[in-house]
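Here is a short report on one chain. Please read it with the sequence and the coordinates open.

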Amino acid sequence: MSEDGQAAQGRTYLFSYGTLRQRDVQLSTFGRELDGRPDLLPGHTLSTVAITDPDVVAVSGADRHPIVRATGDPSDRVEGTVFEITGAELAAADGYEVADYSRVPVTLASGVRAWVYTAS
């Protein structure tokens, strides 16, 4: 896998700790339910952010979403799920996430390189 979370055969890994794990959000964003496995994101903590985009609120069912922030402390860890998705699905996830989030490459506790949406 390359440094940017790219897997073989054009597949990409995406780590989610929030609404992208919801079945209804996956169906709306990707057109399918994703299959993932548990993992941990070291060096980050979890908080929430207010969502004002009515389309995102309608899809997720909530106006407050989880958001992670980098701490640099390896003992800080966020639980979540890692999904193997296509490049087109990653672009769809970019379209779903609001401006409060930035997509960055990370190394998960399992050693998998994946994309994650963190606080901008």
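## Leu-90 and helix H3

Leu-90 sits in helix H3. The model is predicted. Leu-90 has a relative accessible area of 8%, so it counts as buried, the cut-off being under 20%. Beyond its neighbours within four places in sequence, Leu-90 is in contact with Thr-12, Leu-14, Ile-85, Arg-103, Trp-115 and Tyr-117. One of these partners, Arg-103, lies 13 residues away in sequence. The C-alpha atoms of Leu-90 and Arg-103 are 9.9 Å apart.

Leu-90 has company in the helix. Glu-89, Leu-90, Ala-93 and Tyr-96 are the buried residues of H3. Viewed down the axis of H3, they fall within an arc of 110°, so they line one face of the helix. The other side of H3 has Ala-88 and Gly-95, both exposed.

## Helix H1

Helix H1 covers residues 23–30. Its buried residues are Val-25, Gln-26, Thr-29 and Phe-30. Seen down the axis of H1, these fall within an arc of 100°, so they too line one face of their helix. What do the buried residues of H1 pack against? Their partners are helix H2 (54–60), strand E5 (77–86) and helix H3 (87–96). After H1 comes Gly-31, with a positive phi near 75°.

Phe-30 belongs to H1. Its relative accessible area is 12%, which makes it buried. Leaving out neighbours within four places in sequence, Phe-30 is in contact with Leu-20, Glu-89, Ala-92 and Ala-93. Glu-89 and Ala-93 are among the buried residues of H3. Pro-74 is 44 residues from Phe-30 in sequence. In space, the two are 32 Å apart, C-alpha to C-alpha.

## Ser-60 in helix H2

Ser-60 is placed in helix H2. Is Ser-60 buried or exposed? Its relative accessible area is 7%, so Ser-60 is buried.

Setting aside neighbours within four places in sequence, the contacts of Ser-60 are Thr-19, Gln-22, Val-25, His-65 and Tyr-96. Val-25 is one of the buried residues of H1. Tyr-96 is one of the buried residues of H3. Thr-19 and His-65 also appear in the lining of the largest cavity.

## Gly-43 in a loop

Gly-43 lies in the loop between strand E2 (36–42) and strand E3 (44–50). At 9% relative accessibility, this loop residue counts as buried.

Which residues is Gly-43 in contact with, leaving aside its neighbours within four places in sequence? They are Arg-69, Ala-70, Thr-71, Gly-72, Asp-73, Pro-74 and Asp-76. Val-106 is 63 residues away from Gly-43 in sequence. The C-alpha atoms of Gly-43 and Val-106 are 9.9 Å apart in space.

## The cavity

How many cavities of 30 Å³ or more does the structure hold? There is one. The largest cavity contains about 100 Å³ of space.

Its lining runs through Phe-15, Ser-16, Tyr-17, Gly-18, Thr-19 and Leu-20, together with His-65, Pro-66, Glu-97, Tyr-101 and Tyr-117. Strand E1 (11–16) and strand E4 (64–70) each give at least two residues to this lining. By type, the lining residues are six nonpolar, four polar and one charged. Two lining residues link back to sites above. Leu-20 is in contact with Phe-30, and Tyr-117 is in contact with Leu-90.

## The chain as a whole

The chain has three helices and seven strands. From the N terminus, its elements run β-α-β-β-α-β-β-α-β-β. The radius of gyration is 13 Å, close to the 14 Å that the globule rule gives for 120 residues, so the chain is as compact as a globular protein of that length. Along the principal axes, the C-alpha atoms fill a box of roughly 35 × 35 × 20 Å.

Buried residues account for 40% of the 120 residues. Contacts also reach far along the sequence. Among those between residues at least 6 apart in sequence, 72% join residues at least 24 apart.

Terms used. Residues are numbered from 1 along each chain as its sequence is written. This is a predicted model: local features need pLDDT of at least 70, side-chain atom pairs count only at pLDDT 80 or more; totals for chains, interfaces and linings use all residues. Side-chain values use heavy atoms; hydrogens and water are left out. On a 1 Å grid over the protein atoms alone, a cavity is a set of points where a 1.4 Å probe fits but cannot get out, and a pocket is an open set with protein on both sides within 12 Å along at least five of seven lines; lining residues have an atom within 4 Å of a point. Grid points are joined across faces, edges and corners, and a volume is the space filled by probe spheres set on the points. Helices (H or I, at least four residues) and strands (E, at least two) are DSSP runs, numbered from the N terminus. Ala, Val, Leu, Ile, Met, Phe, Trp, Tyr, Cys and Pro count as nonpolar, Asp, Glu, Lys and Arg as charged, and the others, Gly among them, as polar. Buried means under 20% relative accessible area, exposed over 50%, partly exposed in between (1.4 Å probe, protein chains only). The arc is that of the directions from the helix axis to the C-beta atoms. Contact means heavy atoms within 4.5 Å. The radius of gyration is taken over C-alpha atoms; the globule rule is 2.2 Å times the number of residues to the power 0.38.
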